[in-house]
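Trainee: Could you take a close look at the inside of this protein with me? I'd like to see how the packing is put together.

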Amino acid sequence: MTDSHSEEVGDLKRSIDWKQGLAIALGVPLLILPSLGYIPMYLAAAAILVWGLSVLQGFAQSTAYAEMATTFPEASGLPGFAQHVFGNGNRQGKYDMSKLLGGFSAWSYWFAWTPVLAIFSILVGGYLHGLFPALDMFTDYQLSLMSGVVIFSILFVVNWFGLKDGAKLGYVLAAISLIPLVILTVAPFATGHFDMSKITGDWMPADWSWDLHHILILFGVFAIAQWSACAWETAAIYGPEYKNPAKDVAKALFSCGIICFFSFVLVEAAVIGVLGVDGVQAEAVSPLLPVANAVFGSAGSAITIIMLIAAMVLIIQTAYLGSSRAMHSMAVEGNLPKALGKTNRQGTPWVAMLVIAIFNLVLISMGNPAAIVAASAIGYTCANGISLFAYVKAKRDPAFAGLERPFEAPKGWKGVALAFGLFNLPLCVVGVVYLNSLEVGWAPTWVGFLVLAVYIPIWAYSQHEWHRSKAQVVPVAG
């Protein structure tokens, strides 16, 4: 019998334990920043509760993903699960609709993560503006665009030569990302700047009522929140690479979920407890800056914010590498044009990286990071909904009944996955579209649907290209 500690699954080797899986996802708490001042605009201090519930939603969804990660070791994450389950393994005709569904899920997931580059470039620009008054000669847009050009260019050059010691780098990224956030979260409680009455006295908006208008807002807020609070799914989707998936997946998920729960709840609580709801709304883009000033003074806040900016650059690096490799994977699978699968001698998908950088420089023109989150949240809800429906199908379909499931969700999880699948599609999609129309106009919605819709002609071209390349392969006579 093959030792489970050295067993290889497809091209993946079981080489990490639960602690390394946890490290992969520990940068996720920083994803609260784009929405830290946005959600209180609608729910006041109850935003704290939304973050907690959204992390619990992540538990429900990631438990299903963990099972699929170990059931389908050849599939690549959430989009891979959907493509594998909805596909039948045989291409029927030129355009296989099951392959389209799987590819669309992959594209939706890619669109959910790629805008992280633009979002955090805008945040970097915002924090630089607040930190250095001399930069007032530039507009927010100009500073964000310059930040994006500099950051993307440096990362492109650095990653041109390939990435070594990825596991060790993961630990470094996690630590550097968490340190400034932990400092800014814990300090107000320790120094006495936190005032509980600012939370209890403004828990819900004065005009809140449980009518259709506010219920749709609530669905939209949850769609925005899950973009950040459910992203620790990365601890689950690496299931095939755990040494002992039956135990490691659960440990990594449980540990990461607990950390994210306290992180998301406490960060929002600290910001509102120091600034109050009105103060948070007044600094919607960069609310941690006045918190740092209040707690540490100008000198201390400058050091803390510089650390936070460094953490943002590292999060951009993580998203840049992940989204470029996702695009490369789709090109290899025939779901995107072959050109996007080109790599250099070091194995870096440089064409995909170039396309992603240009795409994000365009996104920066939207100006508002919350608006970009709102657009990409449409893709994220689609990807989660399709992936959860894929889980339900995998549990019901007799074709998958005999597959080994090293990690298996608790009994009855099929119903849980179906409920959250329907929560994503259509409820959260409808909610985020409605929310966009109220707050930032229809631009984020049109951007979101346009990016998702453009995949169909791109996919059709990719299928034409794939069939043409197959037709050009002429067998050599013996």
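Trainee: Of the contacts with a separation of 6 or more, what share comes from residues 24 or more positions apart?

Mentor: Keep in mind that this is a predicted model. Residues 24 or more positions apart make up 83% of those contacts. The protein has 18 helices and two strands, and 53% of its 478 residues are buried.

Now for the inside. The largest nonpolar core holds 149 residues, and Leu33, Leu43, Phe120, Leu288 and Leu308 have the most contacts within it. Helix 13, residues 288-332, gives the most to this core, with 17 residues. Take Phe120 as a way in: leaving aside residues up to four places away in sequence, Phe120 touches Leu30, Leu31, Leu33 and Pro34, and also Met312, Ile315 and Ile316.

Next, look at Ser144, which sits in helix 7, residues 140-160. Ser144 has a relative accessible area of 4%, so with the cut-off at under 20% it counts as buried. With the same sequence neighbors set aside, Ser144 touches Ser121, Ile122, Gly125 and Ile364.

Helix 10 is worth a stop too: 14 of its 18 residues are buried, so call it mostly covered. Its length checks out as well: at 1.5 Å a residue, residues 212-229 should span 26 Å, and the end C-alpha atoms are 25 Å apart, which agrees.

As for the outside, the protein exposes about 19900 Å², with carbon and sulfur atoms supplying 67% of that area.

Terms used. Residues are numbered from 1 along each chain as its sequence is written. This is a predicted model: local features need pLDDT of at least 70, side-chain atom pairs count only at pLDDT 80 or more; totals for chains, interfaces and linings use all residues. Side-chain values use heavy atoms; hydrogens and water are left out. Helices (H or I, at least four residues) and strands (E, at least two) are DSSP runs, numbered from the N terminus. The expected span of a helix is 1.5 Å times one less than its number of residues. Buried means under 20% relative accessible area, exposed over 50%, partly exposed in between (1.4 Å probe, protein chains only). A nonpolar core is a set of buried Ala, Val, Leu, Ile, Met, Phe, Trp, Tyr and Cys residues joined through side-chain atoms within 4.5 Å. Contact means heavy atoms within 4.5 Å. Accessible areas come from the Shrake-Rupley method with a 1.4 Å probe; for residues, only the protein chains shown count as cover.
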